[in-house]
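Dear colleague,

I am handing over the structure below for your own work. A summary of what was found in it follows.

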Amino acid sequence: GVVKIVGTEQTFVALTEEGRVVSWGSFQEEGYRKVEERLASGVIDVLSVSNNEFTALKKDGQIVLWKT
């Protein structure tokens with residue numbers, strides 16, 4: 001299931017219990033696609049840091065940033 005949802009004006013991301021991030025809405029696919037593989041597992045938190053940017057924190061301490 002979903003444990004957290006965050007969003008901007010037109011884009012949303014959900015963090016699942018399994019540690020995966022899923023995105024939907026009106027977003028520039030290229031930005032998300034560049035990091036999608038890194039967001040497939042091991043994510044423990046996700047934040048919307050501006051009107052069109054997201055940050056994910058992974059279990060191993062990595063921070064993944066992407067712009068929509």
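**Findings**

Thr8 touches Ser48, Ser50, Asn51, Asn52, Glu53 and Phe54, leaving aside residues up to four places away in sequence. Please note that this is a predicted model. Thr8 itself sits in the loop that runs between strand S1 (2–7) and strand S2 (11–16). Its relative accessible area is 14%, so Thr8 is classed as buried, the cut-off being under 20%.

Turning to the interior, the largest nonpolar core comprises 13 residues, and those with the most contacts inside it are Val13, Val21, Leu39, Val46, Ala56 and Trp66. At least two residues of this core come from each of S2, helix H1 (29–35), strand S4 (43–50), strand S5 (53–58) and strand S6 (63–67). The contacts of Val13, again without residues up to four places away in sequence, include Val21, Val46 and Trp66, as well as Lys4, Ile5 and Phe54.

As for charged pairs, side chains of opposite charge can pair when their charged atoms come close. The count of salt bridges comes to two.

- Asp45 and Lys4 form a salt bridge through their side chains, at 2.7 Å from N to O. This pair links distant parts of the chain, since Asp45 belongs to strand S4 and Lys4 to strand S1, 41 residues apart. Asp45 is partly exposed at 29% relative accessible area, and Lys4 is partly exposed at 26%.
- Arg33 and Glu36 form a salt bridge whose closest N and O atoms are 3.0 Å apart. Arg33 is partly exposed, at 39% relative accessible area, as is Glu36 at 28%.

With kind regards

Note on methods
Residues are numbered from 1 along each chain as its sequence is written. This is a predicted model: local features need pLDDT of at least 70, side-chain atom pairs count only at pLDDT 80 or more; totals for chains, interfaces and linings use all residues. Side-chain values use heavy atoms; hydrogens and water are left out. Helices (H or I, at least four residues) and strands (E, at least two) are DSSP runs, numbered from the N terminus. Buried means under 20% relative accessible area, exposed over 50%, partly exposed in between (1.4 Å probe, protein chains only). Contact means heavy atoms within 4.5 Å. A nonpolar core is a set of buried Ala, Val, Leu, Ile, Met, Phe, Trp, Tyr and Cys residues joined through side-chain atoms within 4.5 Å. A salt bridge is a side-chain nitrogen of Lys or Arg within 4 Å of a carboxyl oxygen of Asp or Glu.
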